[in-house]
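Got the viewer open? Here is a short tour, one selection at a time.

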Amino acid sequence: MLPTFATSGEIILEDRFSIRHLRAPLVRGDLLVVESPLQRGQMVCKRLLGLPGDVICVDPTGERSPSTEHVKVPEGHVWISGDNAEWSRDSRDYGPVPIALVKGRIVARVWPPHKFTLYPSGSGVNFLT
Amino acid sequence: MWGALKSSRTARLWPILYWLPTGIVFASHWFELKAITGRSMQPTLNPNSSLWRDIGLFRRDVDIDAKYSREDIVTLRSPENHERLLIKRIVAKEGDTVRTLPPYPDAEVVIPKNHVWVEGDEHFWSDDSNRFGPISECLVESRLVMVVWPLSRFGAPNSKPTQSDKEYLAQTHKEQVRCSRVKQAKQPHSTQESSAESDSTWIPVYIRTLFECA
């Protein structure tokens, strides 16, 4: 997630309640905390790229995945991707992720204080385009 | 008089309020009771002869290293709809080779790292891995420890002394068929072979079918 978050030393505020209990909608571009489907208990932070039904180009660079074709994100799944594409292990490697593994949404960066940033839902769309 | 009544009511309420957080934490982290609906685990759970819906005691694993083993009955979040909770049996674990049943496109599948193959005992009534493929182990929420209701089948789910002969035979036959379809990995964990396997890119079945369509 490099241009967005530093590799260490930052503290973020995570909202674990509204997605799971208030059925808050997932919005493209949001920063999500997801349990990695490859490792039980490991939390990863990724950006939400595709919602169920979206058609996604698996890997625009064509380096990671065996095909550059487009796939449709199946029902109940989301497509996630790291901001630092070269170093991120994300949906390009393990495919769409079940929504049940989405544990929360990042609301703000609270530390260090001079870098305090709010991430309102939907604001990440600018990053994608 | 009314004041006294009110205060006695609130006095009765206090212990409940006091223990409520403990109860919530206990149920969401250790053990909880759940009623089982549906026919997908027949004849093990909710058999036709039973008048009641089974109630089971489930253990959630707080311990991340806790591993589920084959033949465990588990609850899991449906990969297609995260609000649905399914109850299935783990048939195969990572590295195993499974001979699949009809809706699945491939005849045999090797279970990728950190994934499991889940199936209902009653194939006809069950939406399981034969439809959506191997699922990530993270979707598994809890394990069935014992059936607590009806009392005639009280006990661990795989002990069957109180069942009728017919059900017992059906169950053992299913178990034999199920086990014959799975070829277990030789050394399930920490071998060179398995680590080499985990490095290779794996595409889930739903993407693969889409590739084929495209």
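Accessible areas here come from the Shrake-Rupley method with a 1.4 Å probe. Keep in mind as you click around that this is a predicted model.

**Stop 1: chain B as a whole**

Select chain B and turn on its surface. The accessible surface comes to about 12,600 Å², and 60% of that belongs to carbon and sulfur atoms. Switch to cartoon and you should find 5 helices and 10 strands in chain B. Of its 214 residues, 40% count as buried. If you like contact maps, try one here: among contacts in chain B between residues at least 6 apart in sequence, 59% join residues at least 24 apart.

**Stop 2: residues 12–31 of chain B**

Now select residues 12–31 of chain B. An unreviewed UniProt entry puts a "transmembrane region" there. In the model, that span is 90% helix and 5% strand, with 26 Å between its end C-alpha atoms.

**Stop 3: the annotated active site**

Which residues does UniProt list for "active site" in chain B? Select Ser40(B) and Lys88(B), the pair given in that unreviewed entry. They span 49 residues in sequence, yet their C-alpha atoms are no more than 7.7 Å apart, so they gather at one spot.

Start with Ser40(B), in the loop between strand 1 (31–35) and strand 2 (55–60) of chain B. Is Ser40(B) buried or exposed? Its relative accessible area is 11%, so Ser40(B) counts as buried. Leave out the neighbours within four places in sequence and show what Ser40(B) contacts: Ile87(B), Lys88(B), Gly120(B), Asp121(B), Glu122(B), Trp125(B) and Ser126(B).

Then hop over to Lys88(B) in strand 4 (residues 85–92) of chain B. Lys88(B) is buried too, with a relative accessible area of 4%. Beyond residues up to four places away in sequence, Lys88(B) touches a list of residues that includes Ser40(B), Met41(B), Asp72(B), Glu119(B), Asp127(B) and Asp128(B).

**Stop 4: salt bridges in chain B**

Asp127(B), one of the residues Lys88(B) touches, is a handy stepping stone. Asp127(B) forms a salt bridge with Arg131(B), where the closest N and O atoms are 3.1 Å apart. Both ends are partly exposed: Arg131(B) has a relative accessible area of 43%, and Asp127(B) is at 32%.

Next, select Glu32(B), Lys34(B), Arg60(B), Arg77(B) and Glu141(B) together. Show them as sticks, and you have a network of salt bridges linking these residues. Over all chains, a search of the whole structure finds 21 salt bridges.

**Stop 5: across to chain A**

Which salt-bridge partner does Glu83(B) meet? Pick Arg23(A): the two side chains form a salt bridge at 3.5 Å, N to O. Glu83(B) sits in the loop between strand 3 (73–77) and strand 4 of chain B, and Arg23(A) in the loop between helix 1 (18–21) and strand 2 (31–35) of chain A, so the pair joins two chains. Glu83(B) is partly exposed at 43% relative accessibility, while Arg23(A), at 62%, counts as exposed.

**Stop 6: chain A, domain and salt bridge**

Colour residues 8–59 and 66–111 of chain A, where an unreviewed UniProt entry places "domain: Peptidase S26". In the 8–59 piece, the end C-alpha atoms lie 27 Å apart, and the span is 8% helix and 40% strand.

Now zoom in on Arg109(A) and Glu10(A). They form a salt bridge, with the closest N and O atoms 3.2 Å apart. This one links distant parts of the chain: Arg109(A) is in strand 8 and Glu10(A) in the segment before strand 1 of chain A, 99 residues apart. Both residues are buried.

**Stop 7: a nonpolar patch**

Stay with chain A and select Ile11(A), Leu13(A), Val110(A), Trp111(A), Phe116(A) and Leu118(A). Together they form a nonpolar patch on the surface, with about 600 Å² of accessible area. Strand 1 (11–15) and strand 8 (102–111) of chain A are the elements that give two or more residues to the patch. Trp111(A) is found in strand 8 and is partly exposed, at 48% relative accessibility.

**Last stop: cysteines**

How many disulfides are there over all chains? A search of the whole structure finds 0. Try Cys45(A) for yourself: the closest cysteine sulfur is in Cys138(B), 17 Å away, too far for a bond. Another one to click is Cys57(A), which counts as partly exposed at 24% relative accessibility.

How values were computed:
Residues are numbered from 1 along each chain as its sequence is written. Chains are lettered from A and ligands numbered from 1 in the order in which they are written. This is a predicted model: local features need pLDDT of at least 70, side-chain atom pairs count only at pLDDT 80 or more; totals for chains, interfaces and linings use all residues. Side-chain values use heavy atoms; hydrogens and water are left out. Patches are made of residues with over 30% relative accessible area and no salt bridge: like charges are joined within 9 Å, nonpolar side chains (Val, Leu, Ile, Met, Phe, Trp, Tyr) within 5 Å. A salt bridge is a side-chain nitrogen of Lys or Arg within 4 Å of a carboxyl oxygen of Asp or Glu. Helices (H or I, at least four residues) and strands (E, at least two) are DSSP runs, numbered from the N terminus. Buried means under 20% relative accessible area, exposed over 50%, partly exposed in between (1.4 Å probe, protein chains only). UniProt positions are given in the numbering used here, feature names are shortened, and annotations may be inferred rather than shown by experiment. Contact means heavy atoms within 4.5 Å. A disulfide is a pair of cysteine sulfur atoms within 2.5 Å.
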